[in-house]
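Here is a short tour for anyone meeting this protein for the first time. Have a look at the picture, then read on.

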Amino acid sequence: RNFFSSSSVPELKNGHFGQVRELLERASGTRWAGKFLKIRRSSCSRLGLDRSSVEREVEVLQALQHPNIMALRHVFESRAEVVLILELISGGELFDFIADKENLLESEAIVFMEQILEGVGFMHSKHIAHFDLKPENIMLSDKEAPKPNIKLIDFGLAHRFLPGEEYRSMGGTPQYIPPEVINHEPLSTPFYSLLRLSGLSPFQGETNEETLRNVVAMNYKFDERYFSTTSNMAKDFIQKLLVKNPNDRLTAEECLNHPWIKPLTRKQVANRNRSSINMKNFKKFNARRKWKMSYNMVWVCNRLCRLRLLGKSSTDPDEELVRPLCKHTV
Ligand code: ATP
């Protein structure tokens with residue numbers, strides 16, 4: 001009742017499980033982001049989410065009130081849908097902001113890294129792991145601000161851990177997957193995912209199999225072609241995250257105290273200011289990432305259109321998409 005959404009207000013994005021739209025709060029005129037999540041109708045339905053997984057996302061967001069984490073303002077729910085009213089983050093993705101730059105010093109990149117670490121460190125202090133930390137989920141509250149503020153979003157896969165509890169995962173992209181996932185061992189504080197944010201993996205092989213072998217054997221190198229402008233402190237920071245035993249990796253708090261993030265001497269400060277990010281490589285990585293995202297989106301749209309054609313006799317739009325799949329699964 002208090003919220004107003006209109007077609008003149010832009011749709012922010014379609015996620016895998018719903019739509020994110022800009023909303024206006026009637027009373028105050030404040031702009032919010034509304035994340036509309038469809039609830040699965042039955043266990044046979046392939047569309048939508050289990051209510052329990054949406055409740056987990058809500059519970060996680062309620063526990064995470066931090067300047068670098070997107071805030072949850074309110075939740076509305078019906079039988080078929082849950083709407084999360086979220087802080088509107090209007091500065092776009094961090095990686096797009098960086099890719100628009102001609103140059104980026106390490107000291108400028110560290111300002112962002114520090115905020116990511118603050119957000120992730122807070123999450124871990126509450127025994128919550130994100131499990132989907134990737135460039136699309138790191139946004140800026142306002143990119144025009146002199147010091148843009150990082151906001152971590154999308155807690156759809158986040159999990160709360162009880163100390164000592166084990167969690168195993170099978171997913172990931174070969175060059176960014178931690179060895180414990182390949183070896184089916186329990187996950188620990190997933191600091192490994194910071195590697196994904198560098199945009200380049202030192203484990204990269206000619207094929208996926210070779211890359212996975214390199215990860216398991218911890219066989220990596222900083223190729224001069226890509227890392228020639230990288231400071232030794234940055235390489236040391238990365239090396240301390242690329243440790244096979246998760247318990248020996250730096251924690252978020254330890255990362256924040258590493259001299260690359262928090263330099264102790266003038267020489268270390270000068271080192272950071274002299275070194276820079278390889279922008280040619282970064283822009284290439286970002287363009288490829290965007291291309292892959294639109295390719296995936298087209299693939300999903302085509303698939304939905306095909307399913308819609310198959311089920312056109314139904315009067316219920318959801319059932320149109322679901323019924324042909326259910327027939328096969330039953
Ligand atoms: P996916 O699994 O496809 O990444 P999802 O269904 O889990 O998506 P989100 O990642 O939470 O949904 O949101 C989808 C997109 O909507 C985001 O990538 C982002 O561009 C936009 N978005 C999400 N939350 C906000 C917000 N609070 N403010 C502005 N834009 C947002």
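Let's begin with how the parts meet: eleven residues of domain 1 are in contact with 16 residues of domain 2. On the domain 1 side of that meeting place, eight of the residues are nonpolar, two are polar and one is charged. As for where the domains run, domain 1 covers 4-87 and domain 2 covers 92-281. Keep in mind that you are looking at a predicted model.

Now for the overall picture. The protein has eleven helices and ten strands. Of its 330 residues, 24% are buried. If you take the contacts between residues at least 6 apart in sequence, 60% of them join residues at least 24 apart.

Two helices are worth a closer look. Here is how their expected and actual spans line up:

| Helix | Residues | Number of residues | Expected span | End C-alpha atoms apart |
|---|---|---|---|---|
| H1 | 51-63 | 13 residues | 18 Å | 19 Å |
| H3 | 106-125 | 20 residues | 28 Å | 27 Å |

For H1, the distance between the ends agrees with what 1.5 Å a residue should give. The span of H3 agrees with its expected value too.

Which residues of H1 are buried? They are Val 54, Glu 57, Val 60 and Leu 61. Seen down the axis of H1, these buried residues fall within an arc of 120 degrees, so they line one face of the helix. Turn to the face pointing away from that buried side and you'll find the exposed residues Ser 52 and Gln 62. The cover over the buried residues of H1 includes strands E4 (31-38), E5 (72-77) and E6 (81-87), along with E7 and E10.

Over in H3, the buried residues are Glu 106, Met 113, Gln 115, Leu 117, Gly 119, Val 120 and Met 123. What sits over them includes strands E7 (128-129) and E9 (150-152), plus helices H7 (232-241), H8 (252-256) and H9 (266-274). So strand E7 turns up in the cover of H3 and also in that of H1.

Next, some backbone oddities. Most residues other than glycine have a negative phi. His 127, which follows H3, has a positive phi, near 60 degrees. You'll find His 127 in the loop between H3 and E7. Why does His 127 count as partly exposed? Because it has 13 C-beta neighbours inside 10 Å.

Asp 154 also has a positive phi near 60 degrees, and it is not a glycine either. Asp 154 belongs to the loop between E9 and strand E10 (159-160). Is Asp 154 buried or exposed? With 20 C-beta neighbours inside 10 Å, Asp 154 counts as buried.

One last stop is Lys 147, in the loop between strand E8 (138-140) and E9. Lys 147 has 7 C-beta neighbours inside 10 Å, so it counts as exposed. How far apart are Lys 147 and Leu 86 in sequence and in space? Along the chain they are separated by 61 residues, and from C-alpha to C-alpha they are 22 Å apart.

Conventions: Residues numbered from 1 in each chain as written. Predicted model: local features only at pLDDT ≥ 70, side-chain atom pairs only at ≥ 80, totals over all residues. Helix = DSSP H or I, 4+ residues; strand = E, 2+ residues; numbered from the N terminus. Expected span 1.5 Å × (residues − 1). Buried ≥ 20, exposed ≤ 12 C-beta atoms within 10 Å, placed from the backbone. Contact = placed C-beta atoms within 7 Å. Domains from an automatic or database assignment. Nonpolar A, V, L, I, M, F, W, Y, C, P; charged D, E, K, R; others polar. Arc of directions from axis to C-beta.
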